[in-house]
Amino acid sequence: MFTLFRRRSLAAYVYGHVLNSHKVHTSTAPLLQETGLYGFNHLKTPKGFRRFVEDAIERSNELVTFISGMPSAPEIIGAMDEISDTVCSVIDSAELCRATHPDREFVEEASEASLRINEYIHHLNTNHCLYMAVVKAEQDSHLLNEEAQRVAHHLRLDLEKAGIHLPSEQLDRANQLNMEIVQLCREFNENIINDPGHMDIFPASHIPKKLHHLARPIYRTTSGAFGGSAWSMTNMKEKGFRLPTDPNTLSSILQWVSDAEIRKTAYIQGNSAPLGNLGVLDKLIAARHEFAQIMGHSSYADLAVHSSMASSPDVVLSFLLEMSEIVRPRADEEFKTIWNFKRERSGQLYGDLEPWDETYFTAIMKSAAYDLDSSVVASFFPLSQCLEGLKVLAESLFGVTFHHIPLAPGESWHPDVIKVALHHPDEGDLGYLYLDLKSRKNKHPVCAHFAIKGGRRLSETDYQLPIVALVCNFLGSKPASLLNHWEVETLFHEFGHALHSLLSRTDYQHFSGTRVVIDFAETPSNLFQYYAWDFRILKTFARHYSTGDVIPEDLVKSMRGAKDMFSGTELQRQIFYALIDQKLFGEEASSMRDTASLVAELKRQHTSWKHVDGTHWHTRFGHLASYGAGYYSYLYAKCFAATIWQKICEEDPLSLAAGSAIRHKFLQHGGAKDPGDILNDLVGKRILNSRYGGIVPDITSLSHEMELKN
């Protein structure tokens, strides 16, 4: 019932709430009296999470008692939304704390709070009084406005999805499986962080200096000649480097190390960790499959996709296979181009093109074709200027400004954190945004948007303002905390999610912001990535950190040209990832030999690259836990965003007209309106197609952008 979709890496679901002390917001800056994390008085100390849980359960039980008395339909829906708002505050705060807080005690208490409130949520989801009340409210729909009717309908479906309609024995098993799934997802993601793998390289000279900051010096004892005599030996210490093979470090190794054997070792090691996740994933697949079958679905993919735009795995697979077929000719041509380049550069006419060659040779080819130097590009993107870029976007498109809000004592979790209000001159404050953007020790390596509080209407005059956190892990090369351009694109992507939360104006937090169906949630973030590549936007904020010069237009053209060089290969990779996700949680789950064999076969069928035996890249694919059977949503979003950009934004991307359409026809509705209706109202025809009873994106705009033939 209370499990609603959320963006990104840590978990598939998000919740939102506000306590009574936050229920009235004005444009006045808050008093700087002592508080707790995120403004919750409970969270002044780590153990405050325990009282936070207890109070949330106590208040929710009061509301359950009220609902059990079968009040009017509007009162039922309002109380149900407050229950969701109440329990979800604990989940939101706990997840953000687990990802970002430097104090281990806070993290451990947040983890325990998350598990306790999840157990309580399962209790709520099996409360028949709540279910009967929701059914009554849906039947009395004539007493509800359109959004409340939609809330009632979705609450009923969510309760049934949790198994409320099952016999008690099956319901108990479903609840047991639900808790197992929560634990397995957490274990899967923690293994990715705790076991990234590593490799030892000797001698140290084999590692370029630009990678030394990622490595730890190590030494080994060797024997060598002394005094010029081959017979006079002594022990010598040889310096080397130990490099972790987490995804970011692995990518740097594959790009910058010229020695193919080192790249091969790094590729195999990085794509063979964490080994423990092979077993965790097997258990997760089995648990999800059993849960789905108890719920009357053929597979977990069928359960997960049933209430989305796609509506069934058959629709999803037909879309992915169509995309795979369309992109294959271009991806094959790009593969041949890379292979030929390797042959010419190495002088080996008959050597194979290996998976560990891709990043290295494509980087050289891009640099040569467009005279690009990543350090030169980064020099135009100091973090402070990139934040100015976000301000430019918000003001130009939506007429809103950022106001810095002083943090109250106890509110922040690290000195790097800043807080801003999104302010409209006529409407006042629209919401609040925490920014925690820099990497640090023990911070989860995630770039994500966290909803702390969802927006909801409290009365005719009062509205609970949304509060969100935008979290990244930018290393920021010195001086001036310079960002690579891919990090700028990530920042704009996450800002798109934040705007979806901050600008939505739903009556119920159940539909606030990113609380939408899974295959619609990534559309705003993908749309705002376009702004990170358009010179008309970049020239407003991208300035050289020392000279203040505006980024040259020719440099931006080169960046875009390099981006497009191998875009077919990248699109093919994303299709491959989505197919893995669908197949692992599809009907084959019960008869699957092993996950590594399935992934290998999919790679051979749907990419231009070979599979390396013994590797199991998918065990570090966190989206299998967080987005189970939903990764295809990124490709849906890529198609939707391409159409919106071309039809609404491209002509004048910073116009108030474009911003007004995006805000009022799209973002403000959150999940309170059918996503197909939102997209059609925004763009008109040629953005959606019907297929097998579901919806797939029209791929015309993306095909035009990428020069694909369809």
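The end C-alpha atoms of residues 257-685 lie 48 Å apart, and this span is 50% helix and 9% strand. Helices (H or I, at least four residues) and strands (E, at least two) are DSSP runs, numbered from the N terminus. UniProt lists residues 257-685 as "domain: Peptidase M3A/M3B catalytic" in an unreviewed entry; its positions are given in the numbering used here, feature names are shortened, and annotations may be inferred rather than shown by experiment.

This is a predicted model, in which local features need pLDDT of at least 70 and side-chain atom pairs count only at pLDDT 80 or more, while totals for chains, interfaces and linings use all residues. Residues are numbered from 1 along each chain as its sequence is written, and side-chain values use heavy atoms, with hydrogens and water left out.

**Strand 8 and its partners**

- Strand 8 covers residues 428-438, and 10 of its 11 residues are buried, so the strand is largely enclosed by the rest of the structure. Buried means under 20% relative accessible area, exposed over 50%, and partly exposed in between (1.4 Å probe, protein chains only).
- Strand 7 (residues 418-424) runs antiparallel to strand 8, and 7 bridges join them. Two strands pair if DSSP finds at least two bridges between them.
- The connection from strand 7 to strand 8 is a hairpin of 3 residues.
- Within this pairing, V420 stands opposite L433 of strand 8.
- Strand 8 also pairs with strand 12, in the parallel sense, over 6 bridges.
- K438 has F474 in strand 12 as its bridge partner.

**Cis peptide bonds**

- F202 and P203 are joined by a cis peptide bond with omega of about -10 degrees. P203 sits in the loop between strand 3 (198-201) and strand 4 (216-226).
- From A273 to P274 the peptide bond is also cis, with omega near -5 degrees. The loop that holds P274 runs between helix 8 (260-270) and helix 9 (277-294).

**Positive phi outside glycine**

- M70 is not a glycine, yet its phi is positive, at about 55 degrees. M70 belongs to the loop between helix 1 (48-68) and helix 2 (73-100), and its relative accessibility of 32% makes it partly exposed.
- S481, another residue other than glycine, has a positive phi near 50 degrees. The loop between strand 12 (467-474) and helix 15 (485-503) contains S481, which is partly exposed with a relative accessible area of 22%.

**Salt bridges**

- A salt bridge is a side-chain nitrogen of Lys or Arg within 4 Å of a carboxyl oxygen of Asp or Glu. By this rule the count is 39 salt bridges.
- R328 and D332 form one of them, with the closest N and O atoms 3.0 Å apart. Both residues lie in helix 11 (residues 313-346), 4 residues apart, or about one turn of the helix. R328 is partly exposed at 24% relative accessible area, and D332 is partly exposed at 25%.
- K563 pairs with D564 in a salt bridge whose closest N and O atoms are 3.9 Å apart. K563 counts as partly exposed at 35% relative accessibility, as does D564 at 38%.
- K583 and E588 meet through their side chains in a salt bridge of 3.2 Å, N to O. K583 is partly exposed at 22% relative accessibility, and E588 is partly exposed at 33%.
- E95, R98, R186 and E190 are joined into one network by salt bridges that share partners.
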